[in-house]
Amino acid sequence: QVQLVESGGGLVQPGGSLRLSCAASGSIFSINAMGWYRQAPGKQRDLVASITSGGSTNYADSVKGRFTISRDNAKNTVYLQMNSLKPEDTAVYYCNANVRASILSSRAYWGQGTQVTVSS
């Protein structure tokens with residue numbers, strides 16, 4: 001089994017910054033893509049940013065230029081640096097990772113979610 005543990009959420013004023021972390025542990029052979037999704041009340045869960053094992057990144061248009069995703073492969077950890085936060089960024093943020101338990105098998109795992117609230 002694999003666990004994803006997120007940290008770093010909280011309450012921040014508009015224009016502020018937060019850094020989310022997500023550490024994977026358990027039966028891990030390797031990790032392919034990792035990413036962050038978010039879900040606001042009454043809305044679907046949407047991709048915020050993703051990063052491949054080689055470091056290629058992809059961002060939702062709404063966060064380009066403000067958010068930066070990165071990863072530390074040695075620590076099986078992915079980060080999301082969020083700057084210039086807006087009230088519309090308020091949501092529960094979920095970590096996602098495509099994990100190989102062996103060379104023949106892989107599956108996606110989700111973290112438990114961390115609340116980010118942007119409000120004055």
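The questions and answers below go through some terms used for this predicted model.

Reader: What should I know about the numbering and the values before we start?

Author: Residues are numbered from 1 along each chain as its sequence is written, and side-chain values use heavy atoms, with hydrogens and water left out. This is a predicted model, in which local features need pLDDT of at least 70 and side-chain atom pairs count only at pLDDT 80 or more, while totals for chains, interfaces and linings use all residues.

Reader: Why is Asp89 called buried or exposed?

Author: Buried means under 20% relative accessible area, exposed over 50%, and partly exposed in between, with a 1.4 Å probe and protein chains only. Asp89 has 0% relative accessibility and therefore counts as buried. Arg66, at 11%, is buried because its value also lies under the limit.

Reader: What makes the contact between Asp89 and Arg38 a salt bridge?

Author: The term requires a side-chain nitrogen of Lys or Arg within 4 Å of a carboxyl oxygen of Asp or Glu. For Asp89 and Arg38 the closest N and O atoms are 2.9 Å apart, so the pair meets that definition. The two residues are 51 residues apart, with Asp89 in the loop between strand E8 (77-82) and E9, and Arg38 in strand E4 (residues 30-39); strands (E, at least two residues) are DSSP runs, numbered from the N terminus.

Reader: Which residues are linked in a network of salt bridges?

Author: The network links Arg38, Arg66 and Asp89. Asp89 also forms a salt bridge with Arg66, where the closest N and O atoms are 2.8 Å apart.

Reader: How do you know that Asp61 is exposed, and which residue does its side chain meet in a salt bridge?

Author: Asp61 has a relative accessible area of 66%, which is over 50%, and so it is exposed. Its side chain meets that of Lys64 in a salt bridge, at 3.1 Å from N to O.

Reader: What makes strands E1 and E3 a pair?

Author: Two strands pair if DSSP finds at least two bridges between them, and six bridges join E1 to strand E3 (residues 18-26), so these antiparallel strands satisfy the definition. They belong to an open sheet of four strands with the order E1-E3-E8-E7 and antiparallel pairing.

Reader: Why are strands E1 and E7 called edge strands?

Author: Strand E1 (2-7) and strand E7 (67-72) are the edge strands of this sheet, and each pairs on one side only.
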